[in-house]
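Let's take a walk through this protein together. Keep the 3D view open and turn it as you read.

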Amino acid sequence: MMKRILILGCLLNFALSLKAQVDTAAIRTVSNQIKKEFAPDKRSVYFNIQFKGDTIFAESTSAQVLEALDNQSKDFKGFVKINTLLPSNKLAGMEYGLANLSVCNNRAAPQNAAEMMTQMILGTPVQVLKKQGGYYLVRTPDGYLSWTDATAVSVMDKAAFEEWKKSKRIIFTSDFGHAFSKADMNSSRVSDLVNGNILVLIGEEKAYYQVIFPDKRKGYIKKTDAQLFSNWLKKPNPDAEAILATAKTLIGVPYLWGGTSIKGVDCSGFTKTSYFLNGIIIPRDASQQALVGEDIPVLEGDSISLTKCLKNLKAGDLLFFAAAKLKGTSGGRITHTAIYMGDGKFIQSAGMVRINSLKPDAANFDERESKTLVSAKRFLNQIGTSEITRVDRHTWYGTSPY
């Protein structure tokens with residue numbers, strides 16, 4: 001009799017375990033459907049779900065995602081659901097931050113071995129969403145989500161962030177340089193610096209600005225290498241000449257997957273940086289950039305029309321390419337971008353930043369990219385529209401009273 005009871009107990013446990021497995025699989029299916037519908041792009045919406053025993057832990061940057069999960073999984077019995085809308089309350093209000101290094105590497109997951117997705121440069125304001133191990137999940141001003149090492153960002157509460165937004169700042173405008181421990185370029189170095197770095201100004205001495213870093217390091221920067229941030233913000237909208245002048249300062253800079261600085265750029269990091277250094281924030285990746293701006297006709301059917309390119313394109317326009325066209329596939333995802341210069345020429349980061357041409361008879365003709373061109377967009381006449389934003393209009397940067 002006892003043996004029969006034990007067998008029945010084992011069978012019951014097995015059935016319950018099997019049901020839990022089935023329900024877990026069903027919930028995973030539901031979560032995948034929700035991800036596809038409400039969070040298809042992990043670069044802009046974070047959604048993660050984990051199972052621990054009979055508890056479901058779900059977290060997202062989107063309330064809509066968590067609501068959909070509740071609605072579509074309410075029929076699954078025996079599970080406890082714990083939803084977390086980010087920013088996490090475990091941050092205790094430290095939901096803001098500033099990039100702390102001249103160039104910070106941001107990854108797809110909270111580990112050093114993960115793919116580098118993008119970079120943020122010193123003084124970039126970020127929204128801090130959660131901490132995991134020694135990494136923070138952050139959102140940069142272009143709306144991009146990624147993980148960065150805790151040493152790369154100084155976190156703060158809202159009051160400190162608002163104080164930074166009102167502070168007197170400088171922006172580093174030379175290609176490369178350093179902050180020094182004294183107002184003397186022969187003194188020890190505090191940090192390297194690159195074009196676009198932003199620091200709080202706390203004083204002046206001789207030909208130097210005295211600055212403070214987000215992590216409270218102090219240093220001196222040559223005035224000839226920087227500009228008051230408030231003056232830099234007042235620049236008029238850039239024209240094609242300004243964009244291309246900046247783009248050409250990057251010629252020869254090596255291609256770096258995820259790179260967005262003069263230390264190395266990928267294709268969209270190059271276009272993004274060329275615009276940012278002229279005071280304009282655009283989306284991070286090529287496939288995102290291709291969704292905004294004004295459409296410019298460059299194709300005849302599914303093939304490049306050199307006639308349309310030469311007639312319709314203007315300097316400063318962005319060109320977009322899809323590698324799938326090399327295999328004869330249409331409608332493939334955008335994999336590359338470049339800036340049009342005029343007369344068939346364009347500048348791109350491919351191996352390194354270089355100038356090529358769409359014209360077959362040109363010495364620098366790029367046959368591969370000519371074959372894979374799929375679209376073009378005009379940004380310069382769209383500044384102020386969705387996702388093409390002046391830095392001084394972005395609420396995260398604030399406006400200095402100076």
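**A helix lying across a sheet**

Start with helix 6, which lies across strand 24, strand 25, strand 26 and strand 27, running at about 50° to strand 25. Keep in mind that what you're looking at is a predicted model.

How many residues of helix 6 are buried? The count is 10 of the 10, residues 267–276, so the helix is largely enclosed by the rest of the structure. If you want to click through them, the buried residues include Cys267, Gly269, Phe270, Lys272 and Phe276. To count as buried, a residue needs under 20% relative accessible area.

Now for the sheet itself. It is an open sheet of 6 strands, and you can trace them in the order 21-28-24-25-26-27, with antiparallel pairing. What about the edges? Strand 21 (294–295) and strand 27 (352–357) stand there, each with a single partner strand, so one side of each has no neighbour in the sheet.

Zoom in on one pair of strands. Strand 24 (residues 318–321) and strand 25 (residues 336–342) pair in the antiparallel sense, over 4 bridges. For an example of who faces whom, pick phenylalanine 320: its bridge partner in strand 25 is threonine 337.

Another helix packs on this sheet: helix 5 (residues 240–248), which touches strand 25, strand 26 (345–350) and strand 27. The direction of helix 5 makes about 120° with that of strand 25.

So how do the two helices sit relative to one another? The axes of helix 5 and helix 6 come within 8 Å and cross at roughly 125°. That angle makes helix 5 oblique to helix 6. The crossing of the two is right-handed. Where they meet, you'll find Ile243, Thr246 and Ala247 from helix 5, together with Phe270, Ser274 and Tyr275 from helix 6. Sorted by class, this contact has 4 nonpolar residues, 2 polar ones and no charged ones. Notice that Phe270, Ser274 and Tyr275 also belong to the buried residues of helix 6.

Finally, move over to a loop. Asparagine 100 is found between strand 4 (96–99) and strand 5 (103–107). Is asparagine 100 buried or exposed? With 4% relative accessibility, asparagine 100 counts as buried. Which residues does asparagine 100 touch, leaving aside its neighbours within four places in sequence? Its contacts are Leu122, Thr151, Ala152, Val153, Ser154, Phe213, Pro214, Asp215 and Arg217.

Key. Residues are numbered from 1 along each chain as its sequence is written. This is a predicted model: local features need pLDDT of at least 70, side-chain atom pairs count only at pLDDT 80 or more; totals for chains, interfaces and linings use all residues. Side-chain values use heavy atoms; hydrogens and water are left out. Buried means under 20% relative accessible area, exposed over 50%, partly exposed in between (1.4 Å probe, protein chains only). Two strands pair if DSSP finds at least two bridges between them. Contact means heavy atoms within 4.5 Å. Axes are lines fitted to C-alpha atoms, for helices over the stretch in contact, and angles run from 0 to 180 degrees between N-to-C directions. Angles under 35 degrees count as roughly parallel, over 145 as roughly antiparallel, 65 to 115 as roughly perpendicular and the rest as oblique. A crossing is left-handed if the near helix is turned anticlockwise from the far one by less than a right angle, and right-handed if clockwise. Ala, Val, Leu, Ile, Met, Phe, Trp, Tyr, Cys and Pro count as nonpolar, Asp, Glu, Lys and Arg as charged, and the others, Gly among them, as polar.
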